[in-house]
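Visitor: Could you take me through one helix of this chain in close detail, and then set a few other helical sites beside it?

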Amino acid sequence: MKAIEVKKGVYWVGAKDWNLKEFHGYATPQGSTYNAYLLMDEKITLVDGVKHYMSEENLSRIKSVVDFSKISYVVVNHVEMDHSGNIPEIMKLAPQAKVVTNTAGKQALEAHFDTTGWQFELIKSGDTLSIGSRTLAFMTTPMLHWPDSMMTYVKEDKLLLSNDGFGQHYCIDALFVKDAKFDVVMEHAKSYYANILFPFGAQAEKALKTAGDLGLDIEMIAPSHGLIWSGAEEVNAIIGNYGKWASGANEGKAVIVYDTMWGATAALADVAMGVFQAAGIPVTKHCLSVKNVSDIMPDFLDAKYVLIGNPTLNNQLFPRVAGFVTYMKGLAPKNKTALAFGSYGWRPGVVNQIQQVFDDLGWQSIPPFEEKYTPKSDVLEKFKEKVEELIKL
Ligand code: FEO
């Protein structure tokens, strides 16, 4: 397979994982890509690797441009295995190359692989490295989303190789956002942020500030997943949205997430939806029997109100609700106003486990609402009043 030139002397040498359907719990119905870049200069530099099982595609694209013996540097922006899985193979083919990473990156590489014989060039944030006609500037972005995460800026090309940042799990027969439907790409970028970077808003805000402080003039953002943002309009749009998502601001919408066994919790969810609609508050409703957790999380970026409904099963949370609550808690959305609700047969109280998660996340809430078996009209009316009370908070 061939490399594709994305800027003069800068080649995309990544791999397209068309068949990927799931990325550690994140549904990826349109696959993903692992983007790596080759900079042809006096010191030929490879930036990032790919997932281990896509290695052959990556290696053949590199070989279409240069022999491995000519590579001087291998920049490792991030050690998660979707980008480092084939770095050991690359280092076998290019043992003369120096691995350029930060201290946390070196430690993570050593923890994942046998790095015996590898030469490291360790950088700190703000350090630069000349590779000939180009200067690489490194910006570490710790916990965005691993301790080792960093981005590489190619000064002369005004090109930011941003690794996970600004990425999308989206695989199509194109490399650039301009060759795809912009709104679709942005939805994938939003989903990526919500499912991967959501807990790290403070770090994202800091990275955006650092990029500003360093005076990075960016014409192109080439992430390690999905499509490349090029031109001021696209670059400003994705950076602007990252700023908004990272700030924790929301659009005042509502999201209802529930599951149901015999329709009782679904009936309560319908009542809640009607209250929001009557109040003119945009609302989405997701039943976990048909939605993957990762399809729901983007709505949490826009939502002020969160309602989670549970049908009690064997005196426990319903397994899909428990799974969702665990996933959501890990992503730690901020500044929500919440209500847990549900139904039970003979033992109430299980929804308190959801309430506990709201409390742990520091959300504003009102006490949970539960109904025994099937809610009759008077109960539905009471629940309606409860949701109306929530909206007044
Ligand atoms: Fe795409 Fe954090 O790996």
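Guide: What follows is a close look at helix α7, with shorter notes on other helices after it.

This is a predicted model, in which local features need pLDDT of at least 70 and side-chain atom pairs count only at pLDDT 80 or more, while totals for chains, interfaces and linings use all residues. Residues are numbered from 1 along each chain as its sequence is written, and side-chain values use heavy atoms, with hydrogens and water left out.

Helices (H or I, at least four residues) and strands (E, at least two) are DSSP runs, numbered from the N terminus. Helix α7 covers residues 232–247, and its 16 residues, at 1.5 Å a residue, should span 22 Å, which agrees with end C-alpha atoms that are 22 Å apart; the expected span is 1.5 Å times one less than the number of residues.

Buried here means under 20% relative accessible area, exposed over 50%, and partly exposed in between, with a 1.4 Å probe and protein chains only. By that criterion, E234, V235, I238, N241, Y242, W245 and A246 of α7 are buried. Seen down the axis of α7, these buried residues fall within an arc of 140°, so they line one face of the helix, the arc being that of the directions from the helix axis to the C-beta atoms. On the other side of α7, A232, E233 and N236 are exposed.

Contact means heavy atoms within 4.5 Å, and the buried residues of α7 pack against α5 (182–197), α6 (201–213), β16 (220–223), β17 (229–230) and α9 (293–302). Just after α7, G248 takes a positive phi of about 80°.

Turning to a pair of helices, the axes of α10 (residues 319–331) and α11 (residues 352–360) come within 11 Å and cross at roughly 5°. That makes α10 roughly parallel to α11, a term for angles under 35 degrees; axes are lines fitted to C-alpha atoms, for helices over the stretch in contact, and angles run from 0 to 180 degrees between N-to-C directions. In this pairing, V321, V325, M328 and K329 of α10 meet I354, V357 and D360 of α11.

Two single residues complete the account. N58 lies in helix α1 (residues 55–63) and counts as buried at 0% relative accessibility; leaving aside residues up to four places away in sequence, N58 touches V13, G14, A36, G49, V50, N86 and I90. T265, in helix α8 (residues 264–278), is buried with a relative accessible area of 0%.

Key. Angles under 35 degrees count as roughly parallel, over 145 as roughly antiparallel, 65 to 115 as roughly perpendicular and the rest as oblique.
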